Amino acid sequence: MHFSSRLLLSALAMTALSLWIAAPWWQGLLVAIAAIAMLTWNSAQPAPTDPSPPAVTVEPVALAQDDRHARLSGLIGGIFPVWTRHMELVRSETETAITNLADRFSVMLGSLRSAANLLPGSSDRLVLEHLRESLVNLPNALKSLDESKASRELFLSQIESLGTSMGELHSLAEGVKKLAAQTNLLALNAAIEAARCGEAGRGFAVVAGEVRELSKLSAQTGAEIREKVDGIVGAVGNAVKTAGELSHKEQTLLGQAERTVSGTLEEFERRAQEAELRIAGLRNSGAEVAQAIEQVLVDLQFQDRVSQILSNVETDTRRFATAIDQDEVPDASAWLTRLEAGYTTCEQEQAHAGGAAAVPGASSSVTFF
Amino acid sequence: MPKTILVVDDSTSFRQVVAMSLQGAGYEVVEACDGRDALAKLDGRKFHLIVSDVNMPNLDGIGFVKAAKEIPAYKFTPVVMLTTVSGDDKKAEGKAAGVRAWVVKPFQPPVLLDAVSKLVLP
């Protein structure tokens with residue numbers, strides 16, 4: 001095979017490989033078919049008469065201007081710019097598609113982060129915390145009401161004991177009444193004895209009369225005291241009866257309140273637990289989706305590497321077309337060295353060396369200077 | 001007030017990926033499409049860190065870092081190179097230019113964020 005054809009086929013093979021990994025399969029296939037056609041066409045041509053291998057020459061040499069070469073130059077001049085444009089098209093389409101994809105994922109990720117912020121986080125679980133506090137505080141409030149009821153019952157028992165004291169006062173008033181009656185009887189006897197003594201007992205009769213007056217006043221005061229005490233005892237009795245009825249009603253209401261509060265709190269607790277489970281589920285789902293999208297964004301970075309590989313091939317194809325156009329056959333070794341110098345990725349180096357180029361994983365370390 | 005990071009890369013999609021990672025961590029991001037655009041974006045504005053690619057049209061990453069370090073306001077601004085280039089010679093060139101860290105593409109966002117958090121100016 002002629003040397004220029006081998007160089008051309010190398011470029012075609014590289015182009016086919018690049019397109020195969022970065023573009024729709026049919027573009028790579030088209031280039032591969034072109035390469036096979038070129039190979040077939042070259043095989044059909046007579047072998048060069050010069051037996052010395054022109055493969056490695058230090059200086060570019062001019063080719064003979066025969067018809068075959070003219071046709072080949074015309075073919076290369078026509079096809080290479082088209083291939084180059086196609087490579088640029090592939091690069092551009094890939095770039096646009098990946099940019100759009102990244103843009104959409106960016107919007108999705110932003111929405112997910114916003115949604116995650118709306119969910120109660122570690123710093124703003126206020127509603128649930130308030131509910132939990134209510135579960136503790138409301139029974140405490142009922143307990144306070146219960147304690148207050150106990151205090152009122154103690155107060156009522158003290159009022160009842162006051163009623164007993166009033167009863168004792170009533171007895172004392174009765175005692176005063178009896179004492180006044182006996183004093184009156186005693187004063188009457190003294191007046192009788194004073195009258196029997198005649199003139200000598202006149203002074204004593206006056207004293208007896210005054211004592212009788214005092215006993216009447218004592219009887220009257222005793223009656224008034226008894227009347228007042230009876231009034232107070234009646235009022236206290238009514239107060240105790242009313243307080244007892246109120247206490248009974250309060251006990252009933254308190255029981256109802258306890259049952260209502262307890263039921264409500266249980267419902268709160270159940271709903272709070274359900275809400276927490278749902279929120280935790282949403283948070284986990286959001287985190288998983290966000291993580292998946294972040295991983296997709298890592299995978300999308302292939303576009304940058306593919307773009308650099310294609311760009312390198314594109315530049316080299318242009319350079320090759322220019323060389324052919326200028327009727328030059330550059331030195332293969334020097335050409336490849338220059339091509340290699342433009343590599344930016346390790347997989348380009350691996351592919352250049354002829355080994356299987358491994359697709360790189362995302363870097364997990366940083367070199368600090 | 002969020003800290004501001006200048007992201008320099010000629011790939012629009014890649015700039016989006018980097019911006020998304022940094023914005024998710026609470027940083028404000030300004031994007032530039034190559035070294036020349038990045039120098040124009042500096043414009044006296046305060047940047048707490050710069051993340052830059054190496055291979056870019058018009059002015060490459062190393063050239064941009066050298067030019068930025070010539071400007072007094074950015075002499076001490078930390079620079080993280082984020083690039084497909086992994087050769088030691090290029091890393092040495094970056095170090096000599098004043099680069100503080102080197103991350104090879106493709107990258108895991110937590111790896112970049114870890115480097116950024118260690119170097120970002122207060």
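How many salt bridges does the structure hold over all chains? There are 17. The model is a predicted one, and this tour visits some of those contacts.

**Stop one: A:Glu267 and A:Arg270.** Select both residues in chain A. They form a salt bridge, and their closest N and O atoms are 2.7 Å apart. Now colour helix H5 of chain A, residues 202-299: A:Glu267 and A:Arg270 both sit in this helix, three residues apart, which is about one turn. Turn on the surface next. A:Glu267 has a relative accessibility of 29%, so it counts as partly exposed. A:Arg270 is also partly exposed, with a relative accessible area of 39%.

**Stop two: A:Glu274.** Keep A:Arg270 selected and add A:Glu274. The side chains of these two residues meet in a salt bridge, at 2.9 Å from N to O. A:Glu274 lies in helix H5 of chain A as well, four residues from A:Arg270, or about one turn of the helix. Its relative accessible area is 30%, so A:Glu274 is partly exposed.

**Stop three: chain B.** Move to B:Lys118 and B:Asp114. A salt bridge joins their side chains, 3.0 Å from N to O. Why are they separated by about one helical turn? Because they are four residues apart in helix H5 of chain B, residues 109-119. Is B:Lys118 buried or exposed? At 55% relative accessibility, above the 50% cut-off, B:Lys118 counts as exposed. B:Asp114, at 34%, counts as partly exposed.

**Last stop: back to chain A.** Select A:Glu267, A:Arg270, A:Arg271 and A:Glu274 together. Salt bridges with shared partners join these residues into one network.

Technical notes: Residues are numbered from 1 along each chain as its sequence is written. Chains are lettered from A and ligands numbered from 1 in the order in which they are written. This is a predicted model: local features need pLDDT of at least 70, side-chain atom pairs count only at pLDDT 80 or more; totals for chains, interfaces and linings use all residues. Side-chain values use heavy atoms; hydrogens and water are left out. A salt bridge is a side-chain nitrogen of Lys or Arg within 4 Å of a carboxyl oxygen of Asp or Glu. Helices (H or I, at least four residues) and strands (E, at least two) are DSSP runs, numbered from the N terminus. Buried means under 20% relative accessible area, exposed over 50%, partly exposed in between (1.4 Å probe, protein chains only).
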